[in-house]
Amino acid sequence: MGHDLVIRGGRVVTGGAVVEADIGITEGRIAALGHGFDGAEVVRAEGLLATPGGVDPHCHIEQMSGMGLMNADTFETATRSAAMGGTTSVISFAAQAKGQRLSDAVADYATRAARGAAVDHAFHISVSDPSVPAFEDDLRALIAAGHRSIKVFTTYNIKLEDADILGILRIAGEAGALTCIHAENDAIIGAARARLLAEGRTRPIDHAASRPREAEIEAVARMCRLAEVTRAPVMIFHVSTAEAVAEIAAARARGAPIWAETCPHYLFQTEDVLDRPGTEGAKWMCSPPQRTKADQAALWAGLAAGHLQIVSSDHAPYRFDETGKFSNGRDAPFPAIANGMPGLEPRLPLMFDAMVSGGRLGPAGFARLTAEAPAALYGLPGKGRIAPGYDADLVLWDMGRAVTYGADDLHDNVGYNPWEGTTVTGWPVATYLRGQAVMREGDYLGQPGAGRWLMRAGIGTRPADIMGTSR
Ligand code: URP
Ligand code: ZN
Ligand code: ZN
């Protein structure tokens, strides 16, 4: 019997290896890998490499920032950009405003995503105010309904105290949810910021000194201990320093249920991007800031050793104008400039270039860090692998094609490209979401509203429950 779609003759990253195989797709799922398949539609993929559709578990989409600024991207524009870069599932944030019930926050984001998202999606419940009515009941009910991850901050004006984080961890651990933490010590940052401003140091480069590495190291170590005490699984977001990697490795060696991600801007950029002339450095301002070459080496070593499991984008889009980075004026001091940079679309090409073309950890490692591990750790059903029974979410790569990023060639709504001038080798030429092409040869074929919300089953409290391995 024929399939609905056959991807014929390509090389396929599956089961930790690369094999030559046809991919038979029926009713949006991978039905079989093999040879000689017939299909109603056949796509010739000789010379191409098929990898799982990207799973980006850290994207800020159509979200109000802690500074009260709306992201540049709607669900429609962010997921268009995702599809153009090979990403087929995103986890963004249902961000609770102060005083808002959690259930209202999630309903609001879910309604907007259902209308606009062109790829599959889920939400982290982002908590800013645990003092609202029915907080614990709402949290438990939302987790039971399939929202299996929570986000908390130890800094910004939405930071929670340790006691509140402990309370959330206990509920999350019991109910089967993963708690994601932006871990930087707020007092260290506050003191550094005050000193810099007193010295008249207000430029984007001063943002880096305002968030010293010790702020991350301290908060990561403390959050590891909270995970240990509660036995609740924790995901440390956007790790940037060598010492934080070491803290995570040590906590995992003690058996703590700790997981961690880093992002391309920490792997490929250093602090000097913030020191471009004038206010240009604002384009790269994010928190934590980019660090050093030595930190990059430690992050790669941490990924290779399995201390870190995921590379996400931390897509946090603000335009380089008065609606975004300069909402407080062109001459705003660094604390008044929005933090974050776009990254949904270039995440896979940048990682492919380094890992597949450049040989760091290879195609199987690339698939694991960008799709398989995020899908497994966050409990996304049917996602992250090219294997029978999984959703037919695929990217086809032209491995020989080298592309140099231009200023405005991403498909988000940000209007600048932080990777302008960077050349990547290996380029996505087609993206499939549940067997439907959402990008082919640079043409966008997705549909707003066609993305599905991913209801997630319980997330276990032991690392082995999550990945089936302690790697
Ligand atoms: O600078 C960043 N990463 N902005 C987005 C919010 C966050 O901290 O994740
Ligand atoms: Zn963060
Ligand atoms: Zn973030």
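A residue is called buried when its relative accessible area is under 20%. By that criterion His-238, with a relative accessible area of 2%, is buried. The legends below describe views of a predicted model.

**Figure 1. Overall view of the chain in the predicted model.** The chain contains 13 helices and 17 strands. Its radius of gyration is 21 Å, close to the 23 Å that the globule rule gives for 471 residues, so the chain is as compact as a globular protein of that length. The C-alpha trace spans about 70 × 50 × 40 Å along its principal axes. Of the 471 residues, 60% are buried. When contacts between residues at least 6 apart in sequence are considered, 76% of them join residues at least 24 apart.

**Figure 2. Close-up of the zinc ion (ligand 2) with His-182 and His-238.** The coordinating atoms of these residues are ND1 of His-182 and NE2 of His-238, at 2.1 Å. Around the zinc ion (ligand 2), the four donor atoms subtend angles of 56 to 141°. An arrangement of four donors counts as tetrahedral only if all angles lie between 85 and 135 degrees, and the range found here makes this one irregular. The zinc ion (ligand 3) lies 3.6 Å from the zinc ion (ligand 2). The histidine pair links distant parts of the chain, 56 residues apart: His-182 belongs to strand E10 (residues 178-182), whereas His-238 sits in the loop between strand E11 (234-236) and helix H8 (242-253). His-182 counts as buried because its relative accessibility is 2%.

**Figure 3. Close-up of the zinc ion (ligand 3) with His-58, His-60 and Asp-314.** Coordination is through NE2 of His-58, NE2 of His-60 and OD of Asp-314, at 2.0 to 2.2 Å. The angles among the four donor atoms run from 86 to 133°, and the site is tetrahedral. For four tetrahedral donors, the ideal angle at a metal is 109.5 degrees. Along the sequence, the spacing of the donor residues is H-x1-H-x253-D. His-60 lies in the loop between strand E6 (54-56) and helix H1 (75-84), and Asp-314 in the loop between E13 and H11, so this pair ties together parts that are 254 residues apart in sequence. Both His-60 and Asp-314 are buried.

**Figure 4. Surroundings of His-58, a residue of the loop between E6 and H1.** A relative accessible area of 1% makes His-58 buried. Its side chain forms a polar contact of 2.9 Å with the side chain of Asp-314. Leaving out residues up to four places away in sequence, His-58 touches Ile-91, Phe-93, Lys-151, Phe-237, His-238, Glu-261, Ser-312, Ser-313, Asp-314 and His-315. Between the C-alpha atoms of His-58 and Phe-93, which are 35 residues apart along the chain, the separation is 8.1 Å.

**Figure 5. Surroundings of His-315, in the loop between strand E13 (310-311) and helix H11 (347-357).** At 0% relative accessibility, His-315 counts as buried. A polar contact of 2.8 Å joins the side chain of His-315 to the side chain of Asp-73. Apart from neighbours within four places in sequence, the residues in contact with His-315 include His-58, Cys-59 and His-60. Met-341, Pro-342, Gly-343, Leu-344 and Asp-412 are also among the contacts of His-315.

**Figure 6. Helix H4 (residues 162-175) and the elements that cover its buried residues.** At 1.5 Å a residue, the 14 residues of H4 should span 20 Å, which agrees with the 20 Å between its end C-alpha atoms. Ile-165, Ile-168, Leu-169, Ile-171, Ala-172 and Gly-173 are buried in H4. In an α-helix, with 3.6 residues a turn, residues three or four places apart point the same way. The cover over the buried residues of H4 includes helix H3 (135-144), strand E9 (149-153), E10, helix H7 (213-230) and E11. Gly-176, which follows H4, has a positive phi, near 85°.

**Figure 7. Helix H10 (residues 293-305) and the glycine just after it.** The 13 residues of H10 should span 18 Å at 1.5 Å a residue, and its end C-alpha atoms are 18 Å apart, which agrees. Asp-295, Gln-296, Ala-298, Leu-299, Trp-300, Gly-302 and Leu-303 are the buried residues of H10. Gly-306, just after H10, takes a positive phi of about 85°.

Key:
Residues numbered from 1 in each chain as written. Chains lettered and ligands numbered in written order. Predicted model: local features only at pLDDT ≥ 70, side-chain atom pairs only at ≥ 80, totals over all residues. Heavy atoms only, no water. Donors = N, O, S within 2.8 Å, 3.2 Å for Na, K, Ca; no water. Tetrahedral: all angles 85-135°; square planar, octahedral: opposite > 155°, others 65-115°. Helix = DSSP H or I, 4+ residues; strand = E, 2+ residues; numbered from the N terminus. Buried < 20%, exposed > 50% of the residue type's maximum accessible area, 1.4 Å probe, protein only. Polar contact = N/O pair within 3.5 Å; in protein donor to acceptor, adjacent residues only side chain to side chain. Contact = heavy atoms within 4.5 Å. Expected span 1.5 Å × (residues − 1). Rg over C-alpha atoms; globule rule 2.2 N^0.38 Å.
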